[in-house]
Amino acid sequence: MTAIVKPHRVDEVKEALRDLGVNGLTTTDVEGFGRQRGHTEVYRGAEYQVDFVPKVKLEVLVPDDEAQGVVDAIVKAARTGKIGDGKLWVTEAEQVIRIRTGEMGPDAV
Amino acid sequence: MTEAASVADHVATLREELDALDRAYSSGHHGLWSAARRAEMLDTALISMSEAIEPPPGVGLAALGGYGRRQQLPLSDVDLLVVHDGSRPDEVADIIERLLYPLWDAGFEVGHAMRTPAECELIAHERLDALTSMLDLRRLAGDGELVRTAADRVLGVATADVRGFARALREDAETRGERYGVSAYLLEPDLKSGAGALRDVHAVRWMTAAAGPAVVRTAEREALDAAEEFFTRVRSALQLETRRRTDRLPLELQPAIARAMGFIDEPGLIAEDGLMRAMFEHARSTQWIAQNVLARAEAGVSMPTDPPVPFRDIDEALETLAAASEAGMRPEAQTLDSIEATPVPEPIEWTAGTLQSFMRMLRAGEAGVHALDAMDRLGLLVRLLPAWGAVRCRPQRDPYHRFTVDTHLTMALAEMSHLIRGDRSDDDLVAGAVERVTDRDGLLLGALLHDIGKIGEGGHVPIGAQVADRTLAHMGVTGSSRDLASFMVAEHLLLPDTATRRDLTDENLILDVAARIGSPERLAALTVLARADAIATGPSAWTAWRRTLLAELVGRVQRVYDRGDMGEELAHQLTTRIEAVRAALAREPDDAVERFVLRMPRGYFLSTEPDRIARHHPVIAPEVGSAEVRTAASPGEREGTYELLVVAADRPGLLSSIAGAVAVTGLSILTAQAFTTDDGVAVDVFEVEGVFEREVGEERWRELRGVLRKEIEGRLSLAHRVAEKRAQYPAPRSSAPVTVGVDNDDSDYATVIEVGAADRIGLLFDIASVLAELMLDVQLAKVATYADRVIDVFYVRDALGRKVTDPDQVAEIEAAIRARLDEPDRH
């Protein structure tokens with residue numbers, strides 16, 4: 001599953017996932033916009049447009065039967081109730097391979 | 001025994017002996033001795049093999065490169081040169097095959113060339129690497145005279161133009177530095193080709209072969225010998241651990257190699273850091289000596305005939321370095337030799353002159369950093385700044401840092417001087433910040449010292465603040481420069497950490513940051529330092545992503561100052577207030593008080609006396625149920641007035657409910673302050689008085705609680721009851737006009753609505769119900785009564801927590817409030 005969240009919620013999400021026993025997580029600093037759009041920043045009288053809002057992208061692989069729990073945990077940890085809390089989407093991974101050992105499928109998750 | 005069998009026999013013996021040698025010592029103890037022993041084994045085998053093959057006259061076998069120098073590492077290539085007189089090339093090729101095939105078959109990496117002495121000279125002219133590897137030519141077997149001729153002709157190429165040879169070696173060193181990086185500070189250094197690594201040692205050796213030993217001083221020779229032994233051990237260990245011919249020392253192998261070499265964990269320095277620190281020290285002095293030796297040779301300076309003239313004292317030496325920095329030049333080789341000849345006390349006492357020269361270097365940008373580097377290599381920097389010793393050559397183990405602590409500091413200084421000189425005008429955030437700082441020397445000192453606390457133990461920021469204070473005092477820096485630099489060291493992580501890890505829409509957070517920083521100039525100083533620090537860390541530390549977050553934080557804090565919401569005085573007042581609250585709540589558990597301080601809005605602390613806060617605490621602190629409304633009344637400051645505290649889970653319309661209930665109970669609101677905690681609890685503080693009777697007894701408070709409860713349960717219409725109450729009292733005498741203003745510049749977090757009107761029963765209820773109807777959430781409200789006129793200020797946000805910026809919606813708010821207050825039947 002992939003989630004786009006506010007930077008300051010990443011630690012909470014990480015904690016929540018650890019509590020669930022999910023040990024792997026990939027994060028990337030990203031910029032983008034959704035309904036939040038950008039906003040105008042004023043610094044020392046000079047206005048400039050922030051077109052893309054800084055967010056963090058989280059990617060995590062989990063077995064099917066744990067997916068719902070992980071979704072709930074991420075949503076709960078990332079929510080502030082304000083605009084720009086982000087999105088989460090779940091996709092099916094066709095194949096997963098642990099590169100070091102060559103293990104495949106659920107063993108590799 | 002046939003020739004082939006005999007040769008194969010020698011190869012097998014060689015392999016056994018080499019393996020035995022590798023096993024004889026731990027992987028960390030194969031230094032130059034081991035390398036020489038390996039070369040000796042190869043010599044014996046090759047000589048025996050050569051005897052079995054019986055080469056014809058006019059053919060000589062020689063060792064080249066590392067093997068030629070008797071520095072054969074566990075997995076080094078075996079580099080051979082067959083020197084021949086050119087009369088029987090086919091026969092020579094056949095000999096080479098008979099000699100080399102068995103070695104190749106046994107898995108040796110053998111490189112070979114076949115040349116006449118004339119060809120040797122020709123290729124030495126053409127290629128520097130061929131020339132230098134043949135400078136290490138050593139006869140193994142066959143025609144000794146021929147090998148000697150070849151070696152002499154190759155050496156002749158180098159000695160014919162010593163200065164040209166020096167230039168070629170210098171250029172090669174520069175190219176290597178660019179390609180393989182600088183081994184003196186990169187955390188994964190290249191042991192062979194990086195700047196300061198083994199190739200630099202060899203370059204000095206080749207230079208000596210061409211120019212004579214006088215080009216290197218004894219102390220330099222000794223330092224290079226020690227470095228060569230060290231690099232050889234590390235490189236051999238790396239090859240033995242990985243079984244690969246690799247020269248880059250990766251982070252993950254450093255612990256194993258450190259332990260194999262006998263490094264152990266020490267206080268403030270774990271084993272692998274000890275290894276890397278030794279590595280950096282050797283590489284740094286190697287690079288430095290190689291540069292100076294080559295520079296001397298290129299300039300034609302000969303040590304014995306041009307002895308260095310010492311400076312009068314250390315201040316004169318520093319002045320010379322400062323002047324060179326200001327001229328944008330690297331210190332000259334002669335200057336450095338003179339400094340080395342100058343007696344230096346330890347530690348150096350700073351004079352006004354010392355400080356002046358030092359600051360001139362700091363202001364001089366890259367050239368100043370070259371001067372600092374020179375002082376570092378000459379051992380001066382540590383004598384000037386004793387604290388520098390703890391960060392010198394110290395590796396850093398985190399995913400962002402690429403350099404040692406001290407190199408990171410001098411790079412941050414260089415970037416800071418670029419910023420001050422306006423070389424980075426593309427970044428308006430930073431360029432604007434530079435303009436706001438008047439004390440540039442403070443900026444430079446702050447950049448130079450910001451990580452001085454990275455000494456391997458404890459939190460580097462608090463330690464750094466102490467060390468920086470001591471260091472600045474030792475240097476004799478005073479006044480604003482000292483204050484600013486100390487502050488920068490103590491707070492250099494505040495902006496980057498807050499920007500990337502905290503919620504920038506949290507007003508408390510922004511106010512706290514503003515209070516902690518204290519002034520726009522200091523905010524600007526931290527902004528500039530954040531950039532200089534990031535640039536000096538590595539390419540991934542200053543990205544558009546980080547810059548955007550930093551700009552947002554800095555902008556929000558700056559606007560707090562611009563509006564006067566926080567300044568030195570208010571910051572002091574806030575800190576004092578919170579301290580007083582902590583003292584008044586000393587009997588409560590620490591973490592509960594901490595939590596209380598964190599969740600209450602800063603405006604609450606600034607507007608409420610500590611003893612009142614202590615009285616509020618038991619009402620506010622316990623968790624509030626979603627339908628719970630807590631009230632507490634106490635006598636007010638003026639006679640006949642009462643303070644009414646109401647605490648409830650915040651929801652749209654809550655303020656209007658409370659205001660309505662107060663009016664229905666026959667109480668008049670003189671002032672009101674409505675706050676919202678960061679976890680969504682409304683804390684409303686009213687100053688009320690009875691409309692008719694002065695005394696308000698417990699019965700009335702009970703009535704108030706009853707009205708509130710009924711309202712929540714939907715058993716009572718406040719609008720109806722307030723109208724009824726209003727009918728019982730005379731209409732207000734004043735006909736002050738209604739004013740409504742909506743402002744979006746006053747706050748970053750909320751739209752500010754200011755309403756002025758004649759006082760009357762239920763005024764706050766009326767306005768607050770309009771706001772509730774428009775789905776606006778009141779974050780903060782202030783009600784003040786001036787004689788018969790009331791000014792109400794509301795900080796509101798929409799249901800998604802945003803300001804109201806849509807002009808239509810703003811107009812609607814204004815119109816709706818006016819309409820409600822102008823309704824004739826409500827007079």
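**Exercise 1. The contact between the chains**

Task: In this predicted model, find how many residues each chain gives to the contact, and which strand of chain A gives the most to the side that touches chain B.

Solution: Begin with the totals, which are 15 residues from chain A and 21 residues from chain B. Next, look at the elements on the side of chain A that touches chain B, where strand 2 (26-32), strand 3 (39-43) and strand 4 (46-50) each supply at least two residues. Of the elements of chain A, strand 3 gives the most to this side, with 3 residues. Finally, sort the residues on this side of chain A by class, which yields 7 nonpolar, 3 polar and 5 charged residues.

**Exercise 2. A residue in chain A**

Task: Decide whether A:V13 is buried or exposed, and state which residues A:V13 touches beyond those up to four places away in sequence.

Solution: First place the residue, for A:V13 lies in helix 1 (residues 10-19) of chain A. Then count its surroundings: A:V13 has 23 C-beta neighbours inside 10 Å, and because a residue with 20 or more counts as buried, A:V13 is buried. Leaving aside residues up to four places away in sequence, A:V13 touches A:V5, A:L58, A:I74, A:A77 and A:A78. As a last step, take the pair A:V13 and A:T2, which are 11 residues apart in sequence and 12 Å apart in space, from C-alpha to C-alpha.

**Exercise 3. The overall form of chain B**

Task: Work out why chain B is described as more spread out than a compact globule.

Solution: Start with the make-up of chain B, which has 36 helices and 12 strands. The globule rule gives 28 Å for 827 residues, whereas the radius of gyration of chain B is 40 Å, well over that value, so chain B is more spread out than a compact globule. The extent of the C-alpha trace of chain B along its principal axes is about 135 × 65 × 50 Å. Turning to the interior, buried residues account for 45% of the 827 residues in chain B. Among contacts in chain B between residues at least 6 apart in sequence, 72% join residues at least 24 apart.

**Exercise 4. Two helices that meet helix 26**

Task: Establish how helix 24 of chain B is oriented to helix 26 of chain B, and how helix 23 of chain B is oriented to helix 26 of chain B.

Solution: Take helix 24 (residues 494-501) and helix 26 (residues 520-535) of chain B, whose axes come within 8 Å and cross at roughly 80°. Since an angle of 65 to 115 degrees counts as roughly perpendicular, helix 24 of chain B is roughly perpendicular to helix 26 of chain B. In this pair, B:L494, B:L495 and B:P496 of helix 24 meet B:L526, B:T527 and B:A530 of helix 26, and by class the contact has 5 nonpolar, 1 polar and no charged residues.

Now turn to helix 23 (residues 479-491) of chain B, whose axis comes within 10 Å of that of helix 26 of chain B, with a crossing at roughly 60°. This angle makes helix 23 of chain B oblique to helix 26 of chain B, and the crossing of these two helices is right-handed. From helix 23 of chain B the contact takes B:L484, B:F487, B:M488 and B:E491, and from helix 26 of chain B it takes B:R522, B:A525, B:L526 and B:L529. These residues divide into 6 nonpolar, no polar and 2 charged.

**Exercise 5. Backbone features in loops of chain B**

Task: Locate B:P347, and decide whether B:E54 is buried or exposed and whether B:C393 is buried or exposed.

Solution: B:P347 is found in the loop between helix 14 (333-341) and helix 15 of chain B, and a cis peptide bond, with omega about -10°, joins B:E346 and B:P347. B:E54 sits in the loop between helix 2 (32-53) and strand 1 (59-63) of chain B, and its phi is near 55°, a positive value in a residue other than glycine. With 8 other C-beta atoms within 10 Å, B:E54 is exposed. B:C393, in the loop between helix 18 (388-391) and helix 19 (405-420) of chain B, likewise has a positive phi, of about 60°, although it is not a glycine. B:C393 has 22 other C-beta atoms within 10 Å and is buried.

Key
Residues are numbered from 1 along each chain as its sequence is written. Chains are lettered from A and ligands numbered from 1 in the order in which they are written. This is a predicted model: local features need pLDDT of at least 70, side-chain atom pairs count only at pLDDT 80 or more; totals for chains, interfaces and linings use all residues. Helices (H or I, at least four residues) and strands (E, at least two) are DSSP runs, numbered from the N terminus. A residue is buried if 20 or more other C-beta atoms lie within 10 Å of its own, exposed if 12 or fewer, and partly exposed in between; C-beta atoms are placed from the backbone. Two residues are in contact if their C-beta atoms, placed from the backbone, lie within 7 Å. Axes are lines fitted to C-alpha atoms, for helices over the stretch in contact, and angles run from 0 to 180 degrees between N-to-C directions. Angles under 35 degrees count as roughly parallel, over 145 as roughly antiparallel, 65 to 115 as roughly perpendicular and the rest as oblique. Ala, Val, Leu, Ile, Met, Phe, Trp, Tyr, Cys and Pro count as nonpolar, Asp, Glu, Lys and Arg as charged, and the others, Gly among them, as polar. The radius of gyration is taken over C-alpha atoms; the globule rule is 2.2 Å times the number of residues to the power 0.38. A crossing is left-handed if the near helix is turned anticlockwise from the far one by less than a right angle, and right-handed if clockwise.
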